[in-house]
Amino acid sequence: MTEIPVIKKENGIWSLFVDGKPFTMLSAELHNSSASSTEYMEQQVWPYLRGLNVNSVLLPVYWEMIETVRGEFDFSLVDQLIRQARRERVKLGILWFGLWKNGISSYVPAWMKQDQETYFRARDREGAAMDVISPFCQAAVHADAAAFGRLMEHLREIDGEEHTVILVQVENEIGLLGSDMDYSEVAREEYQKEIPQSIAALYDKSGTWREAFQEEAPEVFMEYTYVSAVEKIAYTGKTQYPLPMYVNAWIEKFPWRPGGYPSGGPIARFLPLWKALAPHISACVPDIYTANTKEVCREYAGEENPLLIPEHRRDRKNISALLYAIGKYQALCFSPFGAEDFMMPLEQRTGIANPVVMKILNIDMKAWQCDGTGEWLGCAYQLLGKALDTIYRYRTKGKVHSFIRENEYEKGVVLSLAACDVRIDYLDSGEDTPKAAGIILEGEENELYMIGVSCRYGILAKKEEHRKLGILEYSEGVFEEDQYIRKRILNGDERYCMMILDNPQLQYIKWYWYE
Ligand code: N0T
């Protein structure tokens, strides 16, 4: 029997291991509603994912569909989706749309929605009921955990050998949206109490929530409540089938207030709290719809927290973020949102692209635009997919370097490698073209590979080096099973100005010294 998928750190590097080997998810997250119909999947999803060269897909499983009658479970939809994924030869990450989805309780079963006595609602400051089951409602958390446990049990039964499902997201962008805290009766009572021991120890504080945290109190209070609920749910699932689990964040955006972004979610500021109080969650990860990928990655990737990007903006620039996240942080997963659209003819797209929805979610329309993304991402996934084995080999030797252009004011960078420096000039990319980005693998003997986009570059001798540097080979190619296969030699005019334009490419350079 092969090892169950697991996220673990080896030689200081986080990886998702599938059947004992590192597996980097070059993924596509589907629109929220696509996976509710296998027929729709056949007609509108799988055909358009094929050209993207994904090795995995992230798709939701909806609580309301597996437990329509309380206590009775129907997993036929899940089974069919897994069968389709196997046929397509892709792995799956499953998104558990349970009690909370973007702060709202839209995916809970009808029997729960309608029983507001037992499953009471969160309330806003004015005391008005929200469309959210209160995270203080233990009966609701218990029911969610039970359903999630059944789902995981079922996955073990049907997939425990084959490992088509390799990762699970618990809930989706949790937190309370529209109010800084829950003002339901139970919540208000809890708020008056002394802070729990775990919080007191973590923050070295005492007293009531208000006394301990002042203006920040409502948010920390919600953080504690959501992390406790999520941990309970994840724990129940893990006891059935311990697949790696993560939670995704609707990130905080300056100068929003808690409630403007979901209050209580795994935003960067609260990573220590999540790490301490949710031991069954392997990673807290960002959904990136902003343009500052570099900053967000830096906030989330850490000693304690592996980086995954389960949702990313959809415009063509996402290939730059892909290269950077994998080169710099060995990201376990990269997955633009609503990726079945990318190769689909415009008139056929049914996913939300409606300006009103975008405004409600506060997503920049530009981040949603995806014309042309498919070809570029497909090309980048293909190139990178073939390079992964080589990247795994190089990264243990600390020989992987990465760069990305953060903004238009940055003109370039000099990366310092062991044997030389590499000067990179960012090519002036237009609105719709990828930002300069890339991964450099430094080889053993005066050689390097560049997997990059939109950049011009050159190899420089180190300052203290007295010899001069000459080029032996400059070529473009691909990796096949950890071997470089040269396609075209670029030793003529091209070598005066080593460069990769808007299409991601793999290039190889070998140099020598003369004096
Ligand atoms: C996302 C998606 C889907 C700092 C929006 C984004 C997905 C959910 N929510 O289409 O609904 O299921 O996770 C929230 C956007 C926040 C933008 C704030 C910028």
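Me: What makes a crossover right-handed?
Reply: Point the strands away from the viewer; if the path from the first strand over the helix to the second runs clockwise, the crossover is right-handed. In this predicted model, β4, helix α1 (residues 38-49) and β5 make such a right-handed β-α-β unit.

Me: How do you know that β4 and β5 pair?
Reply: Pairing takes at least two bridges. 3 bridges join β4 to strand β5 (residues 56-62), so the pair qualifies. The two strands run parallel. Within β5, valine 57 is the bridge partner of alanine 28.

Me: What makes β13 a partner of β4?
Reply: The cut-off is at least two bridges. 2 bridges link β4 and strand β13 (residues 333-336), so the cut-off is met. This pairing is parallel. Methionine 25 stands opposite cysteine 333 in β13.

Me: Why is β4 called mostly covered?
Reply: A residue counts as buried if 20 or more other C-beta atoms lie within 10 Å of its own. In strand β4 (residues 25-29), 5 of its 5 residues are buried, so the label fits. Met25, Ser27 and Glu29 point one way, Leu26 and Ala28 the other way.

Me: How do you know that β2 and β3 pair?
Reply: Strand β2 (residues 13-18) and β3 share 2 bridges in the antiparallel sense. At least two are needed, so they pair. In β3, proline 22 is the bridge partner of phenylalanine 17.

Me: Why are β1 and β3 called edge strands?
Reply: The open sheet has 3 strands, in the order β1-β2-β3, with antiparallel pairing. β1 (6-10) and β3 (21-22) each pair on one side only.

Key
Residues numbered from 1 in each chain as written. Predicted model: local features only at pLDDT ≥ 70, side-chain atom pairs only at ≥ 80, totals over all residues. Buried ≥ 20, exposed ≤ 12 C-beta atoms within 10 Å, placed from the backbone. Helix = DSSP H or I, 4+ residues; strand = E, 2+ residues; numbered from the N terminus.
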